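Got the viewer open? Let's take a short walk through this one, selection by selection.

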There are 2 protein chains.
Amino acid sequence: MRGTLKQVAERAGVSTSAVSRAFTQGASVSDKTRRKVETAASELDYSPNVLAGSLTTGRTKMIGLVSNNFHNPVFLEVFDLFTRGLQARGLRPLLVNLTDMVDPGALLRLLRQYSVDGVIIASSTVPPALPLVFTTAGIPVVHSFGRYSTAHGVHVVGIDNVECGRIAARTLALRGYRRVAFLGGPATASTSQDRWLGFQQELSGHPGITVSHSFANAYSYDAGHAEMARLLRDSPAEAYFCGDDVLSIGALSAVRQAGLSVPDDIGILGLNDMEMARWALINLTTIRQPIPEIIAASLELIVAQIDEPARSTEARIFPCDLVERGTLRPLPVRISGT
Amino acid sequence: MRGTLKQVAERAGVSTSAVSRAFTQGASVSDKTRRKVETAASELDYSPNVLAGSLTTGRTKMIGLVSNNFHNPVFLEVFDLFTRGLQARGLRPLLVNLTDMVDPGALLRLLRQYSVDGVIIASSTVPPALPLVFTTAGIPVVHSFGRYSTAHGVHVVGIDNVECGRIAARTLALRGYRRVAFLGGPATASTSQDRWLGFQQELSGHPGITVSHSFANAYSYDAGHAEMARLLRDSPAEAYFCGDDVLSIGALSAVRQAGLSVPDDIGILGLNDMEMARWALINLTTIRQPIPEIIAASLELIVAQIDEPARSTEARIFPCDLVERGTLRPLPVRISGT
DNA sequence: CCATTCCTTGCAACCGGTTGCGAGAAAGCG
DNA sequence: CGCTTTCTCGCAACCGGTTGCAAGGAATGG
């Protein structure tokens with residue numbers, strides 16, 4: 001067993017308060033005492049128990065990091081950036097896999113029992129009630145990759161999915177596609193709904209273009225593959241804006257397996273720009289979501305709210321942009337006028 | 001602020017001990033008291049503070065989950081299985097991203113400060129000294145995806161990498177390749193060394209086959225791509241056993257980009273069988289590593305060691321098997337004799 | 001009905017720290 | 001050198017629980 005504060009105090013010949021202060025940034029201790037404490041501490045291999053201290057300070061320096069996206073490769077990058085960002089700030093991520101958990105109350109109870117200082121919810125497919133539960137309980141919370149329009153009493157960081165739908169529509173229209181379609185993720189996901197809305201909105205200004213849509217039942221390779229295979233049996237569109245990159249890759253595979261060419265026969269446009277999108281075998285044209293910025297903003301907001309609980313909530317929405325690769329036909333060459 | 005045990009006791013008209021016992025499995029409480037406590041608790045929205053309790057019980061129910069593989073897509077599955085498995089046992093993963101952390105001592109101090117009940121190290125590229133530090137400190141530890149031969153005082157769960165090298169060699173030999181090569185991960189990784197060793201061993205029994213080898217500088221797409229591109233400039237081998245699936249995909253891309261065909265011109269054999277390996281665009285022949293079993297065993301061992309600290313350490317090694325897909329030429333047809 | 005055993009409960013100490021308060025020591029100043 | 005101001009440090013209470021112990025009460029047996 002390792003040494004305790006009391007043992008260090010005894011060995012250094014000082015009071016426990018002195019030891020505690022020696023380990024507290026900015027506390028009033030003389031150099032002499034600090035040195036005595038430090039040698040005693042290192043002899044006993046002592047390091048303070050954060051959890052015990054948290055009883056009085058009210059701070060555990062732990063942040064609940066909750067997500068349900070353990071099958072989408074982008075989220076590995078998300079976890080990497082979150083954990084490193086938290087660690088760099090001296091915070092520790094308590095990871096919660098939401099997959100098996102349904103009840104927001106159970107989640108709240110869980111994170112309360114561990115008195116986390118704050119909660120980051122990293123998911124675009126979570127009901128808005130979930131983050132709200134924490135606000136109600138007075139626990140700082142940030143919803144990353146969330147929908148900003150539902151932001152009431154909850155910090156939201158993410159992208160404008162309606163705008164992404166519009167960007168996709170413009171992208172396809174500019175490349176001369178006349179029959180386009182939206183192949184969304186689950187119909188219930190707010191991301192699907194918003195992107196489809198923007199897609200429609202933008203194309204309503206293009207009467208020459210016909211639009212259709214359908215939804216895959218998950219943001220996954222298999223779902224994308226299955227849905228595209230189904231679509232190919234009828235008369236498919238010329239280009240598809242897919243719910244995300246994984247879905248796109250499933251769709252892409254289905255098209256190629258049907259003996260058709262991408263982009264010559266059918267165009268595909270993804271969303272996310274995950275690392276694999278640039279792999280030569282995939283080479284997916286996609287709309288980039290600025291993940292590092294989203295995560296940096298999320299961290300900034302959670303830390304700010306911990307320091308200042310009364311702070312009013314805000315939404316931070318980042319712009320997305322097209323990354324041109326090989327799954328859409330190129331822009332038509334245009335003779336530039338004056 | 002939510003209610004505390006003391007408040008519940010007051011409201012229920014009982015002592016704090018009674019409340020504590022009402023929330024402790026198997027403690028001696030009458031039904032009447034339990035009911036009084038339960039109503040008071042729910043009125044005050046009380047749930048016990050695990051961390052405060054941990055001071056006396058010595059159990060936080062937190063497990064340090066440490067890894068440095070935040071760029072290899074298999075590890076998303078690994079995190080998924082670990083977190084769900086831990087949660088199912090009432091344990092909470094405190095995630096540590098080792099990427100920025102060098103010093104084992106710092107890691108130990110960190111996890112000690114949070115008095116985790118145990119540590120799972122999920123990485124094949126970690127120095128053996130790292131897990132050992134925890135054993136020395138008396139903290140239960142399991143090294144998942146580790147090298148069993150270095151197992152002294154540390155539970156190790158993983159695969160037999162030497163044997164994997166042999167399987168790879170046999171696989172290539174059986175398919176009639178005469179000039180084969182090992183394209184390993186970092187030369188310093190024990191996995192690279194062991195696989196290369198087994199590969200050599202097995203092929204030393206095949207005098208007709210020539211063997212070469214080289215190492216990529218990471219288990220990554222880019223490293224695999226770069227190393228294969230370099231190899232293609234000289235006279236490449238007929239088939240490559242690559243360090244893992246991601247590396248394989250990089251190599252595969254480089255071969256295709258050079259205008260060569262896989263498997264007609266060059267064969268590629270991976271290791272891991274991550275989810276993407278079966279994607280039609282990739283369709284990688286690979287050696288499957290039984291990840292769910294490895295994780296189940298890791299969880300079992302860490303829990304067992306927490307319950308019984310004096311338990312002697314063991315290594316659990318799982319067999320791997322070939323998953324035949326499209327990046328190696330098929331087995332030659334053979335006329336079956338008697 | 002009484003004696004004995006078992007169950008339930010409260011008291012109080014303790015887990016490993018932090019912190020407000022006041023006293024004593026050190027430093028600053030004329 | 002004496003007085004005021006600033007530091008430093010120990011005392012003791014407290015954070016939110018758990019648990020050994022002993023006493024009181026209920027249940028059991030005769």
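Before the first stop, one definition: two strands count as paired if DSSP finds at least two bridges between them. Keep in mind, too, that this is a predicted model.

Now go to chain B and pull up its open sheet. Six strands run in the order E7-E6-E8-E9-E10-E12, and the pairing is mixed. Colour the two edges: strand E7 (210–215) and strand E12 (321–323) of chain B each pair on one side only. Look along the sheet and you'll see the twist, with neighbouring strands turned by 25° against each other on average, direction ignored.

Next, zoom in on the E7 edge. Select strand E6 (residues 179–184) of chain B together with E7(B): the two pair in the parallel sense over six bridges. For one of the bridge pairs, show B:Gly184, whose partner in E7(B) is B:Phe215.

Keep that view and add helix H9 (residues 190–203) of chain B. H9(B) lies across E6, E7 and strand E8 (239–242) of chain B, and runs at about 165° to E6(B).

Last stop: where the chains meet. Select the contact, which takes 41 residues from chain A and 41 residues from chain B. Which elements of chain A give two or more residues to the side that touches chain B? They are helix H4 (50–57), helix H5 (74–88), strand E2 (92–97), helix H6 (104–113) and helix H11 (245–257) of chain A. Highlight H5(A), which gives the most to that side, with seven residues. Then colour the side of chain A that touches chain B by class: you'll get 21 nonpolar, 12 polar and eight charged residues.

Conventions
Residues are numbered from 1 along each chain as its sequence is written. Chains are lettered from A and ligands numbered from 1 in the order in which they are written. This is a predicted model: local features need pLDDT of at least 70, side-chain atom pairs count only at pLDDT 80 or more; totals for chains, interfaces and linings use all residues. Two residues are in contact if their C-beta atoms, placed from the backbone, lie within 7 Å. Helices (H or I, at least four residues) and strands (E, at least two) are DSSP runs, numbered from the N terminus. Ala, Val, Leu, Ile, Met, Phe, Trp, Tyr, Cys and Pro count as nonpolar, Asp, Glu, Lys and Arg as charged, and the others, Gly among them, as polar. Axes are lines fitted to C-alpha atoms, for helices over the stretch in contact, and angles run from 0 to 180 degrees between N-to-C directions.
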